Amino acid sequence: MGKRTEIVDVLKTPQIGATITVKGWVRAFRSNRFVALNDGSTFNTVQVVIDPDKIDEATIKRIGFHACIAATGELVESKGAGQAVELMADTVEILGDTDGSAYPLQAKKQTMEFLREKAHFRMRTNTFSAVFRIRHGVAFAINKYFNDKGYYYMHTPIITGSDAEGAGEMFRITTFEPNNAPTTEDGSIDYSQDFFGKATNITVSGQLQAEIGALSLGKVYTFGPTFRAEKSNTSRHLAEFWMIEPEIAFADIYDDMDLAEDFSKYIINYILENYPDDLAFLDKRIQDVEKNMKKELRRPMSLIDTLKFVIDNDFARITYTEAIDILKRSKPYKKGKFEFPVDWGIDLQAEHERWLVEKHFKKPVIVRDYPKDIKAFYMRMNDDEKTVAAMDVLFPGIGEVIGGSQREERLEKLRKRMQEMNVHEDELQWYLDLRRFGGAPHAGFGLGFERIILFITGMANIRDVIPFPRTPGNAEF
RNA sequence: GCUUCUUUAGCUCAGUUGGUUAGAGCGCCGGACUGUUAAUCCGUAGGUCCUAGGUUCGAGCCCUAGAAGAAGCGCCA
C-alpha cells in the first residue's frame, strides 16, 4: 500500500507545502470541486480540492457520498473560510465505489431508528463515529484508571455453571439439539451428558468470581460482556452489555462509594480532555434536537456543562431511610403525583429516583443502606439487622448507573441470608470457603458500561451506544 | 410481560365526513456550476398506502387478527 497520512495528523500538524496522500470516505462533494474527506481518525474532515484540469471527468463522477477514495497532492493553506488547510489533488483513486441509487444513507439528518437498521453503515455518520470514538475512550480510561491505582484486570468466565449469581434471568448454553436432548428417568433433560457435564449458562455478573480475586490480589476489576435474558423493552436495557466490576479487599461501603464517585469523575474528565471535537458535535446535535421541544422537556444544562458540573461537585449521599423521608415531604408526593407508593421497605421506583436526582439534588446521588429484603443475599448486614450495606449511584436522565455493596464476610450471617433467600449452599461452597479460610471485609460495585456512555454522549437510547445491540427479538449483524 | 403511540416514495412526513389518476420536502438519477461548508439552480423517474381477512357501490382512511418500530412501566447495570 502507498503511504497515507491520517487526517488527524494532517489537521493537527499540517505540513504546508508537502505532497501527501489521504484515504477515506466522502462525507460531502460540493460544487463539483470540494470533497470533505473523513478517515475515522478524527471527528473532522480534510477538504480535498478537485481541479477538473487534473482529474478526469469519469473519476470525478465516481466521487459520491460515502465512496472511498485516495487523494494525493500538495497541502496548502485554504483559500476558503471553513478550514485552515486543504489538499490540492493531483491524483484521485477510487478505492470503493458507491452506487448512490442503492446506498441507503444520505447526506442529511436521518432518524436513529433508521440508522439502527443500517448498523453496518451508521458508524460512517458524524453522530455514530463520535459515539464510538468516545466508547473506545471510556474503555481505555477505565483500564488506565484501575491500572494506575494498582488494580489487576481479572477475566472472569463467560460460561458459568452457577445459576445463583442473583442478577436475573440467564441464557442457557448447551450443545444438545433442541428436540433430541437425552433425558433422565423422570423425563427432565439430562445435563450430565451435556458438554460440560452439567447445566450451564452465560454469565450475568463476574462479581462472585471477582471476590476470589479481591481476596487474593487485593484489588481487582472485571470488564467484559454480560448477558441478561430479561425481556426488558426500554431505552436503558440490553440483553448483551458490558460491565465493569471492581472488587476490593479491606474496604467498606464508604470506601466503595468513594471509589464509585472518584472513578465516575475520572472517566468523564478523561473524555472531556481527550474527545472535545466529538463531544462538541454531540452537544450541538442535542441542542438542535431540543430546539423544537417544550422547555420543560429540554435538558437543564448543555451536555458539556452537565459533564463539567458532575466532575466539579460532590455527589449527594443519603441513606435509603433519608430518601424515603425526603420523598414523603416532597410536593409530588403530597399532591399524589407519584404513581407508586413511597414507604419504608418498598424499593424506590424510577419516578422516585428521577425526582431525587433531577428535581431535588440536581446532581448524581448515592443512596445507601437499603432494606435487606429488596437486595441480594451477599450484601453485608448492618447493625440494625434491617438494612444492608448496599449503594446505588443514580445519574440524571438515566437512573441507576452503578450498583454496589460491602459483601457479607461473616460466614454464619451469610449462610443465614442464603437460607432466608432460598440460595442453595451446595452450588456456592467455594463462595462460602472464601469466608471460612482467610476471609476479609471487602466491597465492590457493578457499573453498566453502556449506561455511562449514554450519560457522557447524551444519546437517548442505549441501542445507539453499542455497535450491534442485542435486545429481545433482535440479534442482527 | 403491561400501557400508549406509530407504520403511506430511498428518507422525513401530509393526506379533509369513506369518493376519480395518492402529494410535499429532502435524497437518487440527468444537466449547469472554478471557492463550496448539509453548496446552489433546472429537470426526470420513483408507491404491494406493514400483512391477512372483513364491512361497503367504493377503503390509505372504518372493523378484526397479526407483524415491526418507538416511548413509558416492571426487572436491573
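**Exercise 1. Find which residues of helix H13 are buried, and work out how they are arranged.**

*Solution.* Step 1: in H13, the buried residues are Tyr-431, Leu-432, Leu-434 and Arg-435. Here, buried means under 20% relative accessible area, exposed means over 50%, and partly exposed lies in between (1.4 Å probe, protein chains only). Helices (H or I, at least four residues) and strands (E, at least two) are DSSP runs, numbered from the N terminus.

Step 2: these buried residues cover an arc of only 145° around the axis, which puts them on the same side of H13. The arc is that of the directions from the helix axis to the C-beta atoms.

Step 3: the buried residues of H13 pack against helix H5 (207–217), H12 and strand S16 (442–448). A contact means heavy atoms within 4.5 Å.

Step 4: look just past the end of H13, where Gly-438 takes a positive phi of about 70°.

Before you go on, please note that this is a predicted model, in which local features need pLDDT of at least 70 and side-chain atom pairs count only at pLDDT 80 or more, while totals for chains, interfaces and linings use all residues. Residues are numbered from 1 along each chain as its sequence is written, chains are lettered from A and ligands numbered from 1 in the order in which they are written, and side-chain values use heavy atoms, with hydrogens and water left out.

**Exercise 2. Describe the buried side and the opposite face of helix H12 (residues 411–420).**

*Solution.* Step 1: Leu-411, Leu-414, Arg-417 and Met-418 are the buried residues here. Seen down the axis of H12, they fall within an arc of 130°, so they line one face of the helix.

Step 2: a general rule helps. An α-helix has 3.6 residues a turn, so residues three or four places apart point the same way.

Step 3: turn to the face of H12 pointing away from its buried side, and you meet the exposed residues Glu-412 and Gln-419.

Step 4: what covers the buried residues of H12 includes helix H13 (429–436).

**Exercise 3. Asn-32 and Asn-422 each have a positive phi: locate them, and decide whether they are buried or exposed.**

*Solution.* Step 1: Asn-32 is not a glycine, yet its phi is positive, about 55°. Asn-32 sits in the loop between strand S1 (19–30) and strand S2 (34–38), and is exposed, with a relative accessible area of 53%.

Step 2: Asn-422 is not a glycine either, and has a positive phi of about 60°. Asn-422 lies in the loop between H12 and H13. At 63% relative accessibility, Asn-422 counts as exposed.

**Exercise 4. Work out the strand order in the open sheet of three strands, and name the strands at its edges.**

*Solution.* Step 1: the order is S7-S9-S8, with antiparallel pairing. Two strands pair if DSSP finds at least two bridges between them.

Step 2: strand S7 (159–160) and strand S8 (171–173) stand at the edges with a single partner strand each, so one side of each is left without a neighbour in the sheet.

Step 3: S7 pairs with strand S9 (residues 200–202) in the antiparallel sense over two bridges. In S9, Asn-201 is the bridge partner of Thr-160.

**Exercise 5. Summarise chain A as a whole.**

*Solution.* Step 1: chain A holds 14 helices and 16 strands.

Step 2: its C-alpha trace spans about 85 × 60 × 45 Å along its principal axes.

Step 3: of its 477 residues, 49% count as buried.
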